[in-house]
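Ready for a quick tour of a protein model? Have the sequence and the 3D view open side by side, and look for each part as it comes up.

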Amino acid sequence: MSYYKINNLEEYFKHYKKSIREPRKFWGKIAEENFTWYQTWDKVMEFDMAEADIKWFTNAKVNITKNCIDRHLAKRGNKNAIIFEPNDPKEPAQYITYNELYDRVAKMANVLREQGIKKGDRVCIYLPMIPELAVAVLACARIGAIHSVVFAGFSASAIASRVIDCGCKMVITSDGAYRGNKTIDLKSIVDEALEKCPTVTSVLVAKRTNTEVKMKEGRDLWLQPLLDEAIPNNVAEIMDAEDPLFILYTSGSTGKPKGMLHTTAGYMVYTAYTFKNIFNYEENDIYWCTADIGWITGHSYILYGPLLNGATTVIFEGVPSYPDFGRFWEVIDKHKVSQFYTAPTAIRSLAKESTVWVDKHDLSSLKVIGSVGEPINEEAWHWYNDHVGKKKCPIVDTWWQTETGGIMISPVPFVTPTKPTYATLPLPGIQPVLMDEKRNEIEGNQVVGSLCVKFPWPSIARTIWGDHQRYKETYFSAFPGKYFTGDGALRDEVGYYRITGRVDDVVIVSGHNLGTAPIEDAINEHPAVAESAIVGFPHDIKGNALYGFIILKEIGEYRDRDNLRKEINEHVASHIGPIAKLDKIQFVSGLPKTRSGKIMRRILRKIAEGDFSNFGDITTLLNPEIVEEIKNERL
Ligand code: WTA
């Protein structure tokens with residue numbers, strides 16, 4: 001019997017039980033039967049939760065790109081691995097077969113080696129959603145270099161802090177990027193970032209927009225001429241199961257982004273397994289995930305998961321609203337997409353437009369539709385179900401995180417009955433628990449609590465790059481012996497999970513995780529600002545938007561408040577990125593603080609939401625009178 005595929009509900013429960021009782025046997029069998037190894041493991045897993053020390057497939061040797069590409073060549077060489085759909089619908093799509101992908105990755109891997117990149121070196125990739133991005137990621141994995149993809153919407157200082165944190169030797173970028181009707185000069189953003197990054201000795205530049213760029217002598221090289229010279233053959237690096245595969249930064253509750261480190265074998269096994277089951281992928285399906293490869297969703301479910309299964313994956317360069325609000329649906333029709341995976345924020349923004357945009361395209365190729373990144377509200381769920389899935393495609397509401405590497409709680413389509421707004425049941429191997437404030441596990445159903453996971457799974461991040469102590473403190477100390485997700489959840493009468501949202505200082509805006517601390521740090525650097533506090537508040541389309549309470553230094557100096565608001569937002573955009581701009585900025589004379597000096601964000605959150613009903617106990621505040629003022633002047 002194989003555990004790789006769950007075919008019905010009975011099998012789900014059977015596999016789930018096996019995965020809990022005998023996790024090593026369960027994952028060992030999946031790993032053995034579905035992947036190519038140079039050498040198998042001595043132990044399936046070892047762990048010490050107190051030390052946050054987790055290892056899977058100890059001493060196994062493998063290369064993930066052999067599993068993503070080489071092993072498919074005999075059977076699927078001429079099958080499309082990637083379909084590239086450009087920003088402009090008038091530009092033809094590109095179809096990259098597994099054979100071609102092999103050649104392109106091999107050439108790129110050879111270029112990287114020629115440029116002096118070796119196993120263990122860090123390479124920052126700052127590229128738009130073009131085939132070169134996929135090729136660059138896979139080429140790093142091919143030679144054992146650790147890729148650190150930085151989303152191409154991030155600012156120069158966000159790139160710099162990420163490059164400095166992990167000491168990248170190289171940056172791979174492009175002249176520019178297309179985004180709807182805009183062209184963005186990526187290379188000049190990289191140039192600005194690199195002024196502060198002495199470890200970077202080379203920059204490879206792909207051509208996309210033909211924007212004029214400055215090339216720095218001795219550092220910058222055009223990518224294409226190097227690829228033209230390279231040979232389309234490459235011997236993959238033999239990697240240890242626990243060798244790092246990539247670093248991906250996520251926001252935290254302090255100003256410094258956390259470089260989550262994922263390693264090779266466990267990540268490979270779990271992303272492949274979850275992709276197969278959650279999208280019910282069959283050989284001739286066309287799969288499309290609209291995320292950016294700059295986020296974990298793109299890593300695991302545009303690239304690795306699909307390619308590990310020999311799937312055809314669509315890479316979409318554009319945006320849902322360009323050239324019109326029918327673009328997603330037109331692309332589904334054009335490429336006969338079978339699985340479509342997107343974010344609630346995109347669904348909400350399209351649901352507010354006329355359904356004519358959806359109805360004029362043939363969506364009959366769809367089988368499964370998915371949602372990720374934030375809770376999907378009931379209205380959006382129904383719109384997605386009615387207008388996109390036509391009530392015949394199960395919606396997989398997939399809960400997971402950058403830190404978890406792969407999907408943790410989700411329906412298995414055609415197996416788990418779905419329920420609007422519920423991520424439903426844990427995947428085999430995943431043991432979620434809800435914890436109360438006294439750190440006790442809450443038993444039974446119809447309960448709410450903090451969501452933890454009490455046993456390791458193969459794709460859990462192993463550490464924060466360069467700061468294992470912070471990894472332990474952030475994820476393993478709030479509830480000793482357990483991994484704490486930072487999310488709250490409820491478990492209904494049948495044991496289905498619904499994620500209610502973050503319980504920490506992270507706000508999810510349009511599906512992007514934003515730590516409030518780094519935004520406050522950026523704002524506080526503005527010369528007019530003395531102090532600031534940022535909270536999230538509900539927003540119809542973005543899910544949440546940001547509300548800033550700001551104390552100014554010299555009240556008199558900045559008479560034009562709107563201008564100052566604009567300036568502060570430009571400051572935020574240039575320090576973090578345009579996604580972190582504040583929707584509302586209220587200037588205040590003080591912030592509610594506890595006697596120990598901590599800002600009481602719970603009160604600010606309530607004010608931002610417009611809920612003045614119950615502030616709880618404010619007697620512990622140093623300055624309770626300020627609450628009234630802030631409330632009265634709310635925007
Ligand atoms: C939230 C994205 C509700 C959650 C894969 C989590 C969700 C954070 C869902 C991680 C979902 C993700 N329902 N909330 N289906 N999926 N989240 O690291 O708060 O970008 O902790 O990973 O997104 O965001 P990240």
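Here's a briefing on the ligand site, the sheets, a helix pair and a couple of backbone oddities.

Keep in mind that this is a predicted model. A ligand sits in it with 17 residues around it, and the protein buries 96% of the area that the ligand exposes when taken alone. Elsewhere you'll find an open sheet of 7 strands, an open sheet of 4 strands and a hairpin made by S28 and S29.

**Around the ligand**

- Start with the residues that come closest to the ligand: Asp397, Thr398, Thr402, Asp487 and Arg502, out of 17 that surround it.
- Sorted by class, that shell is a mix of 7 nonpolar, 6 polar and 4 charged residues.
- Three elements each give at least two residues to the shell: helix H11 (296-308), strand S20 (395-398) and strand S25 (497-502).
- Now zoom in on the backbone of Thr398, where an N or O atom is 2.8 Å from a nitrogen atom of the ligand.
- Gly373 has a polar backbone atom 3.1 Å from a ligand nitrogen, and for a backbone N or O atom of Glu374 the distance to a ligand nitrogen is 3.3 Å.
- How much of the ligand does the protein bury? Alone, the ligand would expose 530 Å², and 96% of that is buried by the protein.

**The sheet of 7 strands**

- A bit of background: strands in a sheet pair up through backbone hydrogen bonds, and they can do so parallel or antiparallel.
- Reading across this open sheet, the order is S5-S4-S17-S16-S18-S19-S20, and the pairing is mixed.
- Why do S5 (94-97) and S20 each have one side without a neighbour in the sheet? They stand at the edges with a single partner strand each, so nothing in the sheet flanks the other side.
- From one strand to the next, the twist averages 20 degrees.
- Helix H12 (residues 327-335) packs on this sheet and touches S4, S5, strand S16 (286-289), S17 and strand S18 (339-342). The direction of H12 makes about 145 degrees with that of S4.
- For a parallel pair, look at S4 (residues 80-85) and S17 (residues 312-316), which are joined by 4 bridges. Across this pair, Ile83 stands opposite Val314 in S17.

**The sheet of 4 strands**

- This open sheet runs in the order S21-S22-S24-S25, and its pairing is antiparallel.
- At its edges are S21 (432-435) and S25, and each of them pairs on one side only.
- Here the twist from one strand to the next averages 45 degrees.
- S21 and S22 (residues 447-453) run antiparallel and share 4 bridges. Leu434 faces Leu451 in S22.

**The hairpin**

- Strands S28 (residues 529-539) and S29 (residues 543-552) run antiparallel, with 10 bridges joining them.
- How many residues lie between the two strands of this hairpin? There are 3 between S28 and S29.
- To find one bridge pair, pick Val535 and look for Tyr547, its partner in S29.

**Two helices in contact**

- To describe two packed helices, people give the angle between their axes and the distance between those axes.
- For H1 (residues 9-21) and H2 (residues 23-34), the angle is about 115 degrees and the axes are 5 Å apart.
- On the H1 side, the contact uses His15, Lys18, Ser19, Ile20 and Arg21, while H2 brings Pro23, Lys25 and Phe26.
- The residues in this contact split into 3 nonpolar, 2 polar and 3 charged.

**Backbone oddities**

- As a rule, most peptide bonds are trans, and most residues other than glycine have a negative phi.
- The peptide bond from Tyr322 to Pro323 is cis, with omega near -5 degrees. You'll find Pro323 in the loop between S17 and H12.
- Asn280 isn't a glycine, yet its phi is positive, at about 45 degrees. Look for Asn280 in the loop between helix H10 (264-278) and S16.

Conventions: Residues are numbered from 1 along each chain as its sequence is written. This is a predicted model: local features need pLDDT of at least 70, side-chain atom pairs count only at pLDDT 80 or more; totals for chains, interfaces and linings use all residues. Side-chain values use heavy atoms; hydrogens and water are left out. A residue is near a molecule or strand if one of its heavy atoms lies within 4 Å of it. A polar contact is a pair of N or O atoms within 3.5 Å; within protein, one must be able to donate a hydrogen and the other to accept it, and residues adjacent in sequence count only if both atoms are side-chain atoms. Accessible areas come from the Shrake-Rupley method with a 1.4 Å probe; for residues, only the protein chains shown count as cover. Ala, Val, Leu, Ile, Met, Phe, Trp, Tyr, Cys and Pro count as nonpolar, Asp, Glu, Lys and Arg as charged, and the others, Gly among them, as polar. Two strands pair if DSSP finds at least two bridges between them. Axes are lines fitted to C-alpha atoms, for helices over the stretch in contact, and angles run from 0 to 180 degrees between N-to-C directions. Contact means heavy atoms within 4.5 Å.
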